Amino acid sequence: MRMVDLIELKKNNKELDEKQIHFIIDGYVHERIPDYQISALLMAICFNGLTSKETALLTKEMEESGDIIDLSPISGIKVDKHSTGGVGDKTSLVLGPIVAACGAKVAKMSGRGLGHTGGTLDKLESIPGLSINKTKTEFIQQVNDVGLAIIGQSASLVPADKKLYALRDVTATVSCIPLIASSIMSKKLASGADTILLDVKYGKGAFMQTKEDAIKLAQTMIDIGKQCHKDTRATISNMNQPLGKAIGNTLEVIEAIETLQGHGPDDLEQLCLQAGSTMLVQAHLYEHEKEAYDALKEVIKNGKGLIKFKEMVKAQGGDVSYIENPDKFERARVIIELPSLKTGYVKSLEARTLGIVTMKLGGGRMTKDEDIDHRVGLILHKKIGDYVIEGESLLQVHASKSVSQELIDELYQSYEIVEELIEKPVLIEEILK
Ligand code: URA
């Protein structure tokens, strides 16, 4: 088989078979096929797409390029969730504990933040002492004992994706639905859970700009899940504005604690309750989502979700006293308010810009090896649909040093305030399965 012939086939929109896809992925991972030929193939895929069969075969090949985690020593149905990424998305920190408090086994491997979106691992590492590194045996032990573990992906999980993603990043081939779907699903399948819930976000702060594209991506991933016999479902949620009020690692952990205490922001709580209900049904713990929803509400009310979070933090070496008393978290040195220059209703809020400003404050990274400052970030006092009076604070900036005029201008530009009444946006648009 010659790679050049396979590129030619895809260029002419022909379907590749299992042997050909194996030849490509195996050859690339073992450095028999050079970057330039894979780049040409990726671009042909961007233009011509992949059939559903090709997408599933590609995913399977990628999954099998490295370690596959065997979670069978954990009793019960193991549930996992994945968000396609957004700004202020601390869902896993709330969803994991409440779902586990209702009896599900949550075995989750997460990633770090890159660019304008944050990552669960960075948020967790704001908790002094907490480690996201566990051996497979320790990971399995923790899920068996506590019901919940959130750790970093092992370096040997899906090496094909590491190589392909780095190449896609520099060849303008990231934004292609079958490539995104196979990248995400290969990692989820290799992580070994029995069920997968995908939170596919769309809007200005997300990978997918439109709801239609988010649905297409979700359906492609559900289709892969079905072909691999995994119960895979997806929520389609709006990321035109950040989720919750806090953006930035420590600030988001504190907001997650508040949500587990029952006084977090409505949108975050609703997303966690709805996504959690689906996960509990997937785990066969409840037949109907309504009963699961009520059970999740109850574990927030009676504090069992917060207890589960503390158990996880303790099992991962974190100092639980910070969860019991969030005032202990070290805060940024400079905290300033940004007064509104107008009276009116917030019409739009640029999630992406707010994510980028947080990154520029030191809370995120441009390249994957940069250090970050966990303390910095933003607290939004006003979100879409809120009324604001001139002089009232729009948001709070947490910074390590004085904030430049350029950043302040960017923050002002991210808010659009108008005179007419604006409805609050719907967060979860659909649940697909
Ligand atoms: N997230 C991933 O893991 N892969 C993609 O291709 C895009 C987003």
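**Figure 1. P425 and the residues it touches.** Setting aside neighbours within four places in sequence, P425 is in contact with N238, Q241 and I384, where contact means heavy atoms within 4.5 Å. You'll find P425 in the loop between β12 (415-418) and β13 (428-432). Helices (H or I, at least four residues) and strands (E, at least two) are DSSP runs, numbered from the N terminus. P425 counts as partly exposed, at 35% relative accessibility. Here's the scale: buried is under 20% relative accessible area, exposed is over 50%, and partly exposed is in between (1.4 Å probe, protein chains only). For a longer view, pick A295: 130 residues separate A295 and P425 along the chain, and their C-alpha atoms are 26 Å apart.

Before you go on, a note on the model. It is predicted, so local features need pLDDT of at least 70 and side-chain atom pairs count only at pLDDT 80 or more, while totals for chains, interfaces and linings use all residues. Residues are numbered from 1 along each chain as its sequence is written, and side-chain values use heavy atoms, with hydrogens and water left out.

**Figure 2. S191 in its loop.** S191 sits in the loop between α9 (177-190) and β4 (195-202). Is S191 buried or exposed? It's buried, with a relative accessible area of 2%. Leaving aside neighbours within four places in sequence, S191 is in contact with I69, L71, D80, M109 and L157.

**Figure 3. Two residues with positive phi.** Most residues other than glycine have a negative phi. V158 has a phi near 45°, a positive value in a residue other than glycine. A172 is not glycine either, and its phi is positive too, near 55°. V158 lies in the loop between β3 and α8 (159-170), and A172 lies in the loop between α8 and α9. Now look at their surroundings: V158 is buried, at 1% relative accessible area, whereas A172 counts as exposed, at 63%.

**Figure 4. The largest nonpolar core.** A nonpolar core is a set of buried Ala, Val, Leu, Ile, Met, Phe, Trp, Tyr and Cys residues joined through side-chain atoms within 4.5 Å. The largest one here has 50 residues, and V99, L124, I127 and F309 have the most contacts inside it. Several elements each supply at least two residues of this core, including α5 (91-101), β3 (148-152), α13 (289-301) and α14 (304-315). Which helix gives the most to this core? That's α12, with 7 residues.

**Figure 5. I127 and another core.** Leaving aside neighbours within four places in sequence, I127 is in contact with V253, F309, V313, G318, D319, I323 and F329. Apart from the largest core lies another core, of 36 residues, among them I38, L50, L71 and V158.

**Figure 6. Stepping back to the protein chain.** The chain has 17 helices and 13 strands. Its radius of gyration is 22 Å, close to the 22 Å that the globule rule gives for 433 residues, so the chain is as compact as a globular protein of that length. That radius is taken over C-alpha atoms, and the globule rule is 2.2 Å times the number of residues to the power 0.38. Along its principal axes, the C-alpha trace spans about 70 × 45 × 40 Å. Buried residues make up 58% of the 433.
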